[in-house]
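Q: Please take a close look at one part of this structure, namely whatever enclosed space is found inside it, and describe what surrounds that space. I would then like to see how this part connects to its surroundings and to the rest of the chain.

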Amino acid sequence: MKDDNKTNRQLVHELTELLSQKAEEALCYAESIVETVREPLLILDANLRTISANRSFYKTFNVTPGETIGRLIYDLGNKQWDIPKLRQLLEGVLPEKQVFDDFEVAHNFQDIGHKIMLLNARQIYRKDIGAEMILVAIEDITEHKRLEDLLAEAEGRYRRVFETASDGIVFFEQREGNITHANSAIEKMLGYTKKEIIGNKLRDIGVLLDMGDLQTTLQMLVKSGISNYDAIPVRTKSGQHIDTDIYLANRARLVQCNIHDISSRIQAEETLQQTLESLRSAVRSTIQVIISTVEARDPYTAGHQRRSADLARAIATEMKLSQDRIEGIRIACSIHDLGKLSIPAEILSKPRKLTEDEFSLIKEHARKGYDILKNVESSWPLAEIVYQHHERMDGSGYPRNLKGDEILMEARILAVSDIVEAMASHRPYRAALGIDAVLKEIDDNRGILYDPEAVDACLNYSGKKVFNLKVLDD
């Protein structure tokens with residue numbers, strides 16, 4: 001009997017040791033899990049004193065175990081945890097509930113700044129020590145909240161832009177093409193209400209945009225991010241046609257479609273073109289009056305200007321300048337010696353070489369021409385071309401000794417055509433010098449006195465045409 005009792009005591013002892021070992025293993029297992037959790041965790045006793053905390057708690061709140069264990073939670077961090085909402089949770093809410101989730105607390109900590117936290121609390125009971133405890137899990141959502149606020153702010157800004165935009169804007173599904181959103185501007189532009197727009201496709205509200213195969217177009221849009229379509233006709237609810245520019249932008253599952261009414265711009269452009277043409281017509285009429293005045297006073301000078309203008313137009317064409325620029329060159333060349341109206345006729349037609357004083361007077365004609373033309377409204381720099389037509393690439397010209405790129409290309413072309421015509425034509429004080437001498441002059445001084453491109457174009461033109469300056473009108 002004695003042996004049986006001993007055996008029973010031994011069995012009880014062994015069983016107790018086994019259970020204690022299992023409990024310790026379970027506790028170790030639980031503590032290992034707690035230590036690996038990324039969120040800060042606290043274990044409090046029934047009196048709200050800290051029993052333990054994990055590494056994440058110490059790291060997040062910049063405290064040590066010595067400053068934490070055994071202390072009342074409100075005293076932690078030099079009483080920084082004495083937070084009214086935390087007291088509400090631990091002393092008011094939790095005693096009535098075993099569990100509480102997602103209790104939001106915002107607080108300014110002295111060491112780590114402003115934090116927004118979600119607290120999750122559990123009442124637990126450890127039978128092995130016969131004690132009640134509280135497990136508090138703390139999730140720092142400060143950055144998450146900041147991003148949420150930024151997103152909400154951005155969404156608010158975008159919504160305000162969407163609703164106040166002057167362009168009509170709709171969003172439609174990439175897969176089906178059904179419109180999901182529409183702003184107020186599209187209602188005003190097309191005459192449809194949002195209720196009539198949403199759920200329909202672009203063609204149903206009069207947007208006659210031919211995108212070919214929709215899926216292929218959308219695949220290309222995904223790659224490029226944005227596509228634009230110019231001068232697209234749109235039919236309003238009332239049947240009116242308006243011209244628009246349309247932009248499509250990829251927005252993940254949706255496509256943003258901006259519709260810009262360009263009808264007023266196309267009216268404006270036509271009016272501008274008409275105004276410009278009227279202005280040019282007025283300039284041409286003014287120039288013709290000037291030419292007629294010059295011809296009446298000095299037929300020789302008028303003939304020189306016309307022939308120089310014809311050659312300048314040919315050179316500019318050879319250089320592949322725009323038609324508008326060529327026309328400006330032709331007009332400027334037609335009146336480039338306008339300033340000679342201020343010079344006595346007997347000097348212009350003098351049958352001998354001019355004196356130095358007489359030549360100085362002649363040289364003033366470029367400035368005089370500029371003074372006459374500077375207030376003429378024109379889309380071409382007529383006054384400056386006339387002012388510069390005796391300037392030379394090396395700065396040896398007159399009246400301002402301009403050189404290189406300081407001289408307008410139009411004036412450089414005129415300089416070549418002017419010298420060619422002058423040398424190839426008869427003068428009161430000498431006979432024509434002949435075409436060979438003319439071409440040698442500009443070739444020898446290519447890049448020195450005369451623009452290389454203009455010289456090359458003139459030489460190339462002379463090789464293509466019978467170089468008769470009196471029949472350059474073709």
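A: By class, five nonpolar, two polar and one charged residues make up the lining of the largest cavity. The model is a predicted one, and the description that follows should be read with that in mind. The lining residues are Phe61, Val63, Gly77, Gln80, Trp81, Phe109, Asp111 and Ile112. Of these, Phe61, Val63, Trp81, Phe109 and Ile112 are the nonpolar members, Gly77 and Gln80 are the polar ones, and Asp111 supplies the charge. The volume enclosed is about 60 Å³, and this cavity is one of four in the structure that reach 30 Å³ or more. As general background, rolling a probe the size of a water molecule over the atoms is what reveals where empty space is left.

From the lining, one can step outward through residues that touch it. His107 belongs to strand S3, which covers residues 99–109, and Phe109 of the lining falls within that range. Setting aside neighbours up to four places away in sequence, His107 makes contact with Gln80, Ile83, Gly113, His114 and Lys115; one of these partners, Gln80, is itself a lining residue. The C-alpha atom of His107 is also separated by 9.4 Å from that of Lys85, a residue 22 positions away along the chain.

Lys115 takes up the path from the other side, being part of strand S4, residues 113–126. The contacts of Lys115 beyond four places in sequence are Val105, Ala106, His107, Phe109, Asp140 and Thr142, so that Lys115 touches the lining residue Phe109 as well as His107. Is Lys115, a lysine, buried or partly exposed? Its relative accessibility is 18%, and since the limit for a buried residue is under 20%, Lys115 counts as buried.

The contact of Lys115 with Asp140 leads on to strand S5, which spans residues 131–140. Val136 lies in that strand, and with a relative accessible area of 2% Val136 is buried. Beyond its neighbours within four places, Val136 contacts Pro40, Leu41, Leu42, Leu44, Leu90 and Asn120. Asn120 is a position inside the range of S4, as is Arg122, whose C-alpha atom is 6.6 Å from that of Val136 although 14 residues separate the two in sequence.

Leu44, one of the contacts of Val136, is also touched by Ile51, a residue of strand S2, residues 50–53. The further partners of Ile51, again leaving out residues up to four places away, are Ile43, Asp45, Ile69 and Met133, and Met133 falls within the range of S5. Ile51 has a relative accessibility of 38% and therefore counts as partly exposed, whereas Val136 is buried. Ile51 and Leu72 are 21 residues apart in sequence, with their C-alpha atoms 9.7 Å apart in space.

The setting for this part is a protein with 18 helices and ten strands, in which buried residues make up 40% of the 474 residues. Among contacts with a separation of 6 or more, 48% join residues 24 or more positions apart. The accessible surface comes to about 27,200 Å², and carbon and sulfur atoms hold 52% of that area.

A few features elsewhere along the chain complete the picture. Cys257 and Cys333 are buried, each at 0% relative accessibility, and the structure holds zero disulfides. Ala231, in strand S8 (residues 226–235), has phi near 50 degrees, a positive value in a residue other than glycine, and its relative accessibility of 47% makes it partly exposed. Asn401 likewise has a positive phi, about 55 degrees, without being a glycine, and is partly exposed at 47% relative accessibility. Asn401 sits in the loop between H15 and H16, and that loop, which runs between helix H15 (382–388) and helix H16 (409–424), also holds Pro399. The peptide bond leading from Tyr398 to Pro399 is cis, with omega near 10 degrees.

Methods: Residues are numbered from 1 along each chain as its sequence is written. This is a predicted model: local features need pLDDT of at least 70, side-chain atom pairs count only at pLDDT 80 or more; totals for chains, interfaces and linings use all residues. Side-chain values use heavy atoms; hydrogens and water are left out. Helices (H or I, at least four residues) and strands (E, at least two) are DSSP runs, numbered from the N terminus. Buried means under 20% relative accessible area, exposed over 50%, partly exposed in between (1.4 Å probe, protein chains only). Contact means heavy atoms within 4.5 Å. On a 1 Å grid over the protein atoms alone, a cavity is a set of points where a 1.4 Å probe fits but cannot get out, and a pocket is an open set with protein on both sides within 12 Å along at least five of seven lines; lining residues have an atom within 4 Å of a point. Grid points are joined across faces, edges and corners, and a volume is the space filled by probe spheres set on the points. Accessible areas come from the Shrake-Rupley method with a 1.4 Å probe; for residues, only the protein chains shown count as cover. A disulfide is a pair of cysteine sulfur atoms within 2.5 Å.
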